[in-house]
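Please look through the sequence and the structure shown here before reading the notes that follow. The notes are grouped by topic, and each group can be followed on the structure itself.

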Amino acid sequence: MPSRTLLISLVLGIAIAAGLALALRDSTGQAMPRAATLLPAGNTLPDFALLDQGGTRAGKGVFEGQWDVVFFGFTNCPDICPATMTVLGQARRQLEALGQQPLPRVVLVSVDPERDTPEAMARYIAYFGDHNLGLTGELVEIRKLTDALGIFFQKAGGDADAYGVDHSTVVLVIDPWGRLKALFSAPQTVADLVHDLPLIMAGEP
Amino acid sequence: MKRLVTAVAALALAAGCSRNDGPPVVATDVVVTAPAAGMPMAAGYLRIGNRSGSDIRITRVSSPEFGAVEMHETIIEDGVARMRAIPALEIANGDTMVFEPGGKHLMLMQPFGEPRAITLNFYSGDELLLSIGADFTAAME
């Protein structure tokens, strides 16, 4: 009986939707992130010495004073890095259009310091929007940051100047006190970021 | 994002031995990301439908506006993206192969000029010429 099947499907669908809606609110009825994983411990970052896209020395203090959404990639990455940076830039522009305050900064940390000079980072991050930060520098300094944040990267095969780098695809959210607060696993979407970031940024300090 | 542009589909047909009425191999939704200033590469995305009546195999991709073009695939395992070259790609008869962000893509390296054409070479000796249209410079936003 097709009509009965349809009815059952509808009822099931509504029940699932209701369940999902409930799951997106915590016990006090507050809206919860739907894609991000919240990290209540709020681990602080280790000391490191990198360079921003202007060649200025940047330590852990660079992550203090604003909310940051942080991705780890490299400028010779043709696919996942521009796709992710595009999503982050679009999300920021949508939040800005919605009047969201504060607005997060988009940060790219290079996992390919051999080729990613500050100049290369400057060109690359400007391509995806204004107000972006690019960090690069000595491999050992990058490792201090990535090891503390659980980010994996490893140079992969290829030609001497056309190699790839395998790397984590997670997007991290760092609060204005320089603490890791949340993460978005891939694939990140503009809609999820626009939904979740205001909730994360409005959370308990 | 402003320079991410869409090249509208160029279609094409392989000179081939189709017994069907329509074109045997069709490429649609061709999108090429414009290389950022000074950046050494762009990515290309498209769909290739095979209605040729037999399986086909792409053995080489080239473009007069790029020094080298390779087929690559981004594989995400345990949250880690790994990019691997695809030396040759088979498309079964009746299938459509999708090149999309986060998956298979054309890696277009060493750009020298505005991208206008991409050629797919098949094992059979056929060629599929994708002309990237004037819309290339239109902003995607």
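Two residues are said to be in contact if their C-beta atoms, placed from the backbone, lie within 7 Å. The model is a predicted one, and in it the contact between the two chains takes 27 residues from chain A and 25 residues from chain B.

**Where the chains meet**

- On the side of chain B that touches chain A, at least two residues each come from β2 (41–50), β4 (66–77), β5 (80–85) and β8 (104–111) of chain B.
- Among the contributors to that side of chain B, β5(B) gives the most, with four residues.
- Sorted by character, the residues of the side of chain B that touches chain A comprise 16 nonpolar, seven polar and two charged.
- Strand pairing also links the chains, since strand β8 (residues 165–168) of chain A runs antiparallel to β5(B) and is joined to β5(B) by two bridges.
- Within this pairing, A:S168 has B:V80 of β5(B) as its bridge partner.

**The sheet of chain A**

- Chain A holds an open sheet of eight strands with mixed pairing, and the strands follow the order β1-β10-β9-β4-β5-β6-β2-β3.
- Because β1 (37–38) and β3 (57–58) of chain A stand at the edges and have a single partner strand each, one side of each is left without a neighbour in the sheet.
- The edge strand β3(A) is joined by two bridges to strand β2 (residues 50–52) of chain A, and the two run antiparallel; here A:L51 stands opposite A:R57.

**Helices packed on the sheet**

- Helix α3 (residues 118–126) of chain A packs on the sheet, where it touches β2, β5 (105–110) and β6 (133–136) of chain A, and its direction makes about 155° with that of β6(A).
- Helix α5 (residues 190–201) of chain A also packs on the sheet, touching β1, β9 (171–174) and β10 (180–184) of chain A, and its direction makes about 165° with that of β10(A).

**Strand β9 of chain A and its partners**

- Both faces of β9(A) are covered, with A:V171 and A:V173 buried on one side and A:L172 and A:I174 buried on the other.
- Strand β4 (residues 68–73) of chain A pairs with β9(A) in the antiparallel sense over three bridges, and A:D68 stands opposite A:I174 of β9(A).
- β9(A) is also joined to β10(A) by four bridges, again in an antiparallel arrangement, and A:V171 has A:F184 of β10(A) as its bridge partner.
- The hairpin of β9(A) and β10(A) has five residues between the strands, and in this hairpin A:G178 takes a positive phi near 75°.

Note on methods
Residues are numbered from 1 along each chain as its sequence is written. Chains are lettered from A and ligands numbered from 1 in the order in which they are written. This is a predicted model: local features need pLDDT of at least 70, side-chain atom pairs count only at pLDDT 80 or more; totals for chains, interfaces and linings use all residues. Two strands pair if DSSP finds at least two bridges between them. Axes are lines fitted to C-alpha atoms, for helices over the stretch in contact, and angles run from 0 to 180 degrees between N-to-C directions. Ala, Val, Leu, Ile, Met, Phe, Trp, Tyr, Cys and Pro count as nonpolar, Asp, Glu, Lys and Arg as charged, and the others, Gly among them, as polar. A residue is buried if 20 or more other C-beta atoms lie within 10 Å of its own, exposed if 12 or fewer, and partly exposed in between; C-beta atoms are placed from the backbone.
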